[in-house]
Amino acid sequence: QLQLVESGGGLVQPGGSLSLSCTASGFFNLDQYAIGWFRQAPGKEREAVSCISLNGRTKYSESVRGRFTTRRDNAKNTVYLEMNSLNPEDTGTYYCAGRHISYCPHDFQFSHWGQGIQVTVSS
């Protein structure tokens with residue numbers, strides 16, 4: 001079974017930037033999976049942030065469009081979420097998720113999930 005691991009989280013000041021990475025454990029290739037990013041703040045429902053298809057086409061939520069960028073590097077078997085102009089409302093636990101399909105699913109349903117990583121935006 002595919003296992004995903006997030007890295008790169010931490011504390012950043014408002015207006016700053018942070019880059020998250022999503023990698024696969026074992027011998028699975030992420031170039032066969034559509035990869036989504038999600039986040040959840042304490043006491044709030046988990047929300048979709050972005051998705052990237054096998055051919056690199058992307059989708060973003062309105063709250064992060066223009067500030068966040070997701071990309072994939074197949075040679076490194078890694079998917080990134082680059083976050084800029086961060087504000088305290090971006091604070092939460094961030095998850096990457098995968099589905100063995102070529103495109104971002106319209107229902108945003110994913111089969112495999114990482115354990116999550118903390119991102120805190122505070123001065």
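The torsion about the S-S bond of Cys51 and Cys104 is about -105°, so this disulfide is left-handed. Cys51 sits in strand E5 (residues 47-52) and Cys104 in the loop between E9 and strand E10 (112-113), so the bond ties together parts that are 53 residues apart in sequence. The two sulfur atoms are 2.2 Å from each other. Cys51 and Cys104 are both buried. These values come from a predicted model.

How many disulfides does the rule used here find? The count is 2. A disulfide is a covalent bond between the sulfur atoms of two cysteines. Besides the link already described, Cys22 is joined to Cys96, with an S to S distance of 2.2 Å. The torsion about the S-S bond of Cys22 and Cys96 is 70°, and this link is right-handed. Its ends belong to distant parts of the chain: Cys22 is in strand E3 (residues 18-25) and Cys96 in strand E9 (residues 92-99), with the two positions 74 residues apart. Both Cys22 and Cys96 are buried. When the bonded cysteines are numbered in sequence order, the pairing reads 1-3, 2-4.

The frame that holds these bonds can be described next. The protein chain has 11 strands and 0 helices. Read from the N terminus, the order of elements is β-β-β-β-β-β-β-β-β-β-β. The radius of gyration is 13 Å, close to the 14 Å that the globule rule gives for 123 residues, so the chain is as compact as a globular protein of that length. Along its principal axes, the C-alpha trace spans about 40 × 25 × 25 Å. Of the 123 residues, 45% count as buried. Among contacts with a separation of 6 or more, 59% are made by residues 24 or more positions apart.

Cys96 also leads to an acidic residue, Glu6. The backbone nitrogen of Cys96 lies 2.9 Å from a polar atom of the Glu6 side chain. Glu6 itself belongs to strand E1 (residues 3-7). What is the nearest side chain of opposite charge to Glu6, and how far away is it? It is Arg46, at 9.4 Å, and Glu6 is buried yet has no salt bridge. The cut-off for a salt bridge is 4 Å between a side-chain nitrogen of Lys or Arg and a carboxyl oxygen of Asp or Glu. The Glu6 side chain does reach a second backbone nitrogen, that of Gln115, at 3.4 Å. With neighbours within four places in sequence left aside, the contacts of Glu6 are Ser21, Trp37, Tyr94, Tyr95, Cys96, Gly114, Gln115, Gly116 and Ile117.

A second acidic residue, Asp90, is placed in the loop between strand E8 (78-83) and E9. Is Asp90 buried or exposed? Its relative accessible area is 1%, so Asp90 is buried. The side chains of Asp90 and Arg39 are joined by a polar contact of 2.8 Å. Arg39 is also in the list of residues that Asp90 touches beyond four places in sequence, together with Arg67, Phe68, Ser85, Val119 and Val121.

The loops hold a few other residues to look at. Asn74 lies in the loop between strand E7 (68-73) and E8. With a relative accessibility of 43%, Asn74 counts as partly exposed; the partly exposed class runs between 20% and 50%. The C-alpha atoms of Asn74 and Ser7 are separated by 17 Å, and the two residues are 67 residues apart along the chain.

Asn77 is in the loop between E7 and E8 as well. Asn77 has a positive phi of about 55° although it is not a glycine. Most residues other than glycine have a negative phi. Where is Phe108 found? Phe108 is in the loop between E9 and E10, where Cys104 is also located. Phe108, which is not a glycine, likewise has a positive phi of about 55°. The relative accessible area of Phe108 is 17%, so Phe108 counts as buried, the limit for that class being under 20%.

Note on methods: Residues are numbered from 1 along each chain as its sequence is written. This is a predicted model: local features need pLDDT of at least 70, side-chain atom pairs count only at pLDDT 80 or more; totals for chains, interfaces and linings use all residues. Side-chain values use heavy atoms; hydrogens and water are left out. Helices (H or I, at least four residues) and strands (E, at least two) are DSSP runs, numbered from the N terminus. Buried means under 20% relative accessible area, exposed over 50%, partly exposed in between (1.4 Å probe, protein chains only). Lys and Arg count as positive and Asp and Glu as negative; His and the chain ends are not counted. A polar contact is a pair of N or O atoms within 3.5 Å; within protein, one must be able to donate a hydrogen and the other to accept it, and residues adjacent in sequence count only if both atoms are side-chain atoms. Contact means heavy atoms within 4.5 Å. A disulfide is a pair of cysteine sulfur atoms within 2.5 Å. The radius of gyration is taken over C-alpha atoms; the globule rule is 2.2 Å times the number of residues to the power 0.38.
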